[in-house]
Amino acid sequence: MPLPPPTLPPVRRLARRRSAPLLRRPDTSAKRVVDLLGATALLGLFAVPLLVVAALLYATQGGQVFVRAPAAGLAGRPFRTWRLRTDATGRLGAAVERCALDGMPQLLNVLRGEMSLVGPRPEARTDRADRLLVRPGITGLWQVSARSGLPWEEMALLDRHYVERHWLGMDLAILAQTPGAARRHRHA
């Protein structure tokens, strides 16, 4: 006879106001700690190049530098991803995309807990419920496997494999392979 699913402890509400937010414990899992440390380090490392690129994009576009795209996060929770707007900038936009700087503002989503450094690619909508079991990531298994050279079916299989078998060691291996994959993509 199967055991009943475990019950979750009740969540306490703040007593002062009726519409007060729920109290949440901070996520102290090893993956979240790696996400926070990695995102902070990468933002520190790329702060100056991002500011320079943002200034150049502002000068060439005359306005909006960032784009916020809708995405479905952990458990289907909606959020908006940050990206540099490179669609109307010609050579500069192509260079920013080739250097993979256009997605670096998503590190802000990682710091907010909406995304992870490693996970399936964020999508606005998905018909695959397994993708909603983990946070979407800036990089992932299919990005380091062959970037966009894979058919969609294989990308979906790699995402599913990640969701079913991910662990911190796999995340660290994917993070270690990401710069090489980005370099291969840049020279392709």
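A residue counts as buried when its relative accessible area is under 20%, as exposed when it is over 50%, and as partly exposed in between. Keep that in mind as you click around this predicted model.

**Stop 1: the whole chain**

Colour the chain by secondary structure. You should find six helices and four strands. Starting from the N terminus, the order is α-β-β-α-α-β-β-α-α-α. The chain has 188 residues, and 32% of them count as buried. Now think about contacts between residues at least 6 apart in sequence: 52% of these join residues at least 24 apart.

**Stop 2: F66**

Select F66, which you'll find in strand 1. Is F66 buried, partly exposed or exposed? Its relative accessibility is 33%, so F66 counts as partly exposed. Next, show what surrounds it. Setting aside neighbours within four places in sequence, F66 is in contact with W82, R83, L84, R85 and P105. Add A54 to your selection too: F66 and A54 are 12 residues apart in sequence, and their C-alpha atoms are 8.4 Å apart in space.

**Stop 3: the hairpin**

Select strand 1 (66–72) and strand 2 (78–84) together. The two strands pair in the antiparallel sense, over seven bridges. To see one spot on this pairing, pick P70 and look across to R80 in strand 2, which stands opposite.

Now move to the five residues between the strands of this hairpin, where A75 takes a positive phi near 60 degrees. What's worth a second look about that angle? Most residues other than glycine have a negative phi. Yet A75, a residue other than glycine, has a positive one. How open is A75 to the outside? With 63% relative accessibility, A75 counts as exposed.

**Stop 4: L132**

Go to L132, in the loop between strand 3 and strand 4 (137–139). L132 is partly exposed, because its relative accessible area of 23% falls between the 20% and 50% cut-offs. Which residues does L132 touch, not counting those up to four places away in sequence? They are A72, G73, L74, A75, G76 and T126, so you meet A75 from the previous stop again. Try a distance to R77 as well: L132 and R77 are 55 residues apart along the chain, while their C-alpha atoms are separated by 8.6 Å.

**Stop 5: the cavity**

Stay with L132 for a moment, as it is one of the residues lining the largest cavity. A search of the whole structure finds one cavity of 30 Å³ or more, and the largest cavity has a volume of about 70 Å³. To bring up its lining, select A72, G73, P120, R121, P122, E123, T126, R131, L132, V134, R135 and P136. Sorted by class, that lining has six nonpolar, two polar and four charged residues.

**Stop 6: the nonpolar core**

Finish with the largest nonpolar core, which has 26 residues. Which of them have the most contacts inside this core? Select L84, Y162 and I174. Several elements each supply at least two residues of this core, among them strand 2, helix 5 (152–165) and helix 6 (168–187). Helix 1 gives the most, with five residues.

Zoom in on Y162 for your last view. Leaving out residues up to four places away in sequence, Y162 touches K31, V118, G119, P120, V134, L141, M170, D171 and I174. Two of these names, P120 and V134, also belong to the lining of the largest cavity.

Methods. Residues numbered from 1 in each chain as written. Predicted model: local features only at pLDDT ≥ 70, side-chain atom pairs only at ≥ 80, totals over all residues. Heavy atoms only, no water. 1 Å grid on protein atoms, 1.4 Å probe; cavity = no way out; pocket = protein on both sides within 12 Å on 5 of 7 lines; lining within 4 Å. Points joined across faces, edges and corners; volume = space filled by probe spheres on them. Nonpolar A, V, L, I, M, F, W, Y, C, P; charged D, E, K, R; others polar. Buried < 20%, exposed > 50% of the residue type's maximum accessible area, 1.4 Å probe, protein only. Core = buried A, V, L, I, M, F, W, Y, C linked by side-chain atoms within 4.5 Å. Contact = heavy atoms within 4.5 Å. Pairing = 2+ DSSP bridges.
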